[in-house]
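Visitor: Got a minute to walk me through this one? I'd like the overall layout and then the details.

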Amino acid sequence: MAYKLDKNAILGYATLIMILMGLVLIGLGAFKYSEIAGWGFVAVGIGFLAIAWVFNALKGRV
């Protein structure tokens, strides 16, 4: 029995991956790279979370 991925399931998985990557990047910026480079990691992580929010909002509308 094959599981069919529809558009909403794909957006859900993309949202989950983006949230995980955003949190990992924020964690790297906060704990591993505490110098100036850490601010870049945190900024990109926040961008990932913002895109994940948009993906979540698109579920059911696309």
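Guide: Sure, we can go from the whole chain down to single side chains, and note that this is a predicted model.

Visitor: How many helices and strands are in the chain?

Guide: The chain has 2 helices and 0 strands.

Visitor: And how spread out is the chain next to a compact globule?

Guide: More spread out, because its radius of gyration is 15 Å, well over the 11 Å that the globule rule gives for 62 residues. Along the principal axes, the C-alpha atoms fill a box of roughly 50 × 25 × 10 Å.

Visitor: What share of the residues is buried?

Guide: Buried residues come to 16% of the 62 in the chain. The chain exposes about 4800 Å², and carbon and sulfur atoms supply 75% of that.

Visitor: OK, on to H1. Which of its residues are buried?

Guide: H1 covers residues 7–32, and its buried residues are Ala9, Leu11, Thr15, Met18, Gly22, Leu25 and Gly29.

Visitor: What covers them?

Guide: The cover includes H2. It goes the other way as well: H1 is part of what covers the buried residues of H2, among them Gly38, Gly45 and Ala52.

Visitor: Does that show up in the contacts? What fraction is long-range in sequence?

Guide: Of the contacts between residues at least 6 apart in sequence, 52% join residues at least 24 apart.

Visitor: What about helix geometry? How far apart are the end C-alpha atoms of H2?

Guide: They are 34 Å apart, which agrees with the 33 Å that 23 residues should span at 1.5 Å a residue. For H1, the 26 residues should span 38 Å, and the end C-alpha atoms are 36 Å apart, so that agrees too.

Visitor: And what happens just after H2?

Guide: Gly60 takes a positive phi of about 90° there.

Visitor: Switching to aromatics: how many pairs are there?

Guide: The count comes to 1 aromatic pair. Tyr33 and Phe41 form it, and they are stacked, with 4.9 Å centre to centre and 10° between the planes.

Visitor: Are those two rings' residues buried or exposed?

Guide: In between. Tyr33 is partly exposed because its relative accessibility is 30%, and Phe41 is partly exposed too, at 26%. The cut-offs are under 20% for buried and over 50% for exposed.

Visitor: Which charged end sits over the ring of Tyr33?

Guide: That of Lys32, 5.5 Å from the ring centre. So Tyr33 has the charged end of Lys32 over its ring and Phe41 as its stacked partner.

Definitions and conventions
Residues are numbered from 1 along each chain as its sequence is written. This is a predicted model: local features need pLDDT of at least 70, side-chain atom pairs count only at pLDDT 80 or more; totals for chains, interfaces and linings use all residues. Side-chain values use heavy atoms; hydrogens and water are left out. Helices (H or I, at least four residues) and strands (E, at least two) are DSSP runs, numbered from the N terminus. The expected span of a helix is 1.5 Å times one less than its number of residues. Buried means under 20% relative accessible area, exposed over 50%, partly exposed in between (1.4 Å probe, protein chains only). Contact means heavy atoms within 4.5 Å. Rings of Phe, Tyr and Trp (its six-membered ring) pair if their centres lie within 6.5 Å; planes under 30 degrees apart count as stacked, over 60 as edge-to-face and the rest as tilted. A charge sits over a ring if NZ of Lys or CZ of Arg is within 6 Å of the ring centre and within 35 degrees of the ring normal. The radius of gyration is taken over C-alpha atoms; the globule rule is 2.2 Å times the number of residues to the power 0.38. Accessible areas come from the Shrake-Rupley method with a 1.4 Å probe; for residues, only the protein chains shown count as cover.
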